Amino acid sequence: MRQIDGYTKTCGLIGNPVEHTMSPVIHNTLAQREGRNLVYVPLRVEKGGLKAAVEGAYALNMFGLNVTVPYKSEVIDSLTGIDEMAQKIGAVNTLVRTETGFRGYNTDMMGLYRAMCSENIVIEGEDIIILGAGGAARAVAYMCAIKGAGSVYLLNRTLHKAELVASEVNQVLGVDIIKPMKIADYDKLPGEKKYLAIQATSVGLYPDVEDAVITDKDFYEKIHTGFDLIYKPANTKFMMLVKEAGGQAFHGLKMLLYQGVIAYELWNNITVEEEDALLVYGKMKEAMGIEE
Ligand code: NDP
């Protein structure tokens, strides 16, 4: 890392917990690669301390912030501006410094899209299954609708949450493509066609690596591509089941990479070259002990 001096710009991640984050690898590698005088540090914010943390970061001349669990929605109240799409999604993961305060963006959604593009996964016109209806699934549903998916089946354990997300996305975007279903009804998915399935539940996350939200092999016969938002482990049970049924499967580390790359681009008003993004990806895989 280059020498820290009086000109060093500071960025950071606020959330709780933040100890296991990969974001410093992304931003510090990019800064080092570019010879930019910037450091990125994780900052744990205790419950009740969010407003003071955002105001304090601004007063301390911090250059930009990422926001993670559990503050992605709550942070909106502490902003002086918000990007239209982040406002619609109702979640912010990136704060950009302006003259009057921080402006909020959501780079998770575009990060997922960029990750999918880099794997040649097509959204436009595709019939898609989203598993889950939490914060991440909501951003995925917006992304699918905005990028012109065909039909999107949103399957969740708690049906009313899937109904809420579906009606909200359809209404906000003026479409009628998100269809809520109970996850237990997966055998009612229409037709003979095969789907792109995006796994956005927390089931299968380390240490519960033997779990998948659907274990019935018949379901996986319907999937040509499975994308799991989880990246720890790097080969989830969901991914294994997709591959066993003949589909291709991806983990969520590239989504994490690109949400960070897009934040870095917003802070520095630049475009990160793909070669540099892939260099960072290599470091992230190394840090996680992923070999493929
Ligand atoms: P939330 O807590 O908001 O949502 C959790 C979802 O999982 C809900 O749909 C919930 O269903 C479902 N779920 C939890 N337990 C079960 C269970 N036992 N059976 C069935 N469904 C279950 O989490 P997030 O949306 O924030 O995150 C979801 C996943 O995405 C996490 O694993 C996270 O690590 C990953 N993620 C990855 C990112 C990346 O950059 N790669 C970025 C963001 C998230 P119900 O509504 O019924 O409770």
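Let's start at Asp228, which sits in strand β11, a run covering residues 223-228 of this predicted model. Asp228 is buried, yet it has no salt bridge. How far away is the nearest side chain of opposite charge? That side chain belongs to Lys243, and it lies 10 Å away, whereas a salt bridge would need a side-chain nitrogen within 4 Å of a carboxyl oxygen. If you set aside the neighbours within four places in sequence, the residues in contact with Asp228 are Gln199, Thr236, Phe238, Met239, Phe250, His251 and Gly252.

Now step back to the chain as a whole. The domain assignment splits it into domain 1, made of 9-105 + 254-288, and domain 2, spanning 110-251. Taken over C-alpha atoms, the centres of domain 1 and domain 2 are 26 Å apart. The two also meet: 16 residues of domain 1 are in contact with 18 residues of domain 2.

Next, have a look at the open sheet, in which 6 strands follow the order β2-β1-β3-β5-β6-β4 with mixed pairing. Why do β2 (38-44) and β4 (81-82) each have one side without a neighbour in the sheet? Both stand at the edges with a single partner strand, so one side of each is left free of a neighbour there.

Further in, strand β3 (residues 64-67) and strand β5 (residues 94-97) run antiparallel and are joined by 3 bridges. In one of these pairings, Asn66 has Thr94 of β5 as its bridge partner. Helix α9 (residues 253-268) packs on this sheet, touching β1 (9-15), β2, β3, β5 and β6 (102-105). The direction of helix α9 makes about 10 degrees with that of β5.

Technical notes:
Residues are numbered from 1 along each chain as its sequence is written. This is a predicted model: local features need pLDDT of at least 70, side-chain atom pairs count only at pLDDT 80 or more; totals for chains, interfaces and linings use all residues. Side-chain values use heavy atoms; hydrogens and water are left out. Helices (H or I, at least four residues) and strands (E, at least two) are DSSP runs, numbered from the N terminus. Buried means under 20% relative accessible area, exposed over 50%, partly exposed in between (1.4 Å probe, protein chains only). Lys and Arg count as positive and Asp and Glu as negative; His and the chain ends are not counted. Contact means heavy atoms within 4.5 Å. Two strands pair if DSSP finds at least two bridges between them. Axes are lines fitted to C-alpha atoms, for helices over the stretch in contact, and angles run from 0 to 180 degrees between N-to-C directions. Domain bounds come from an automatic or database domain assignment.
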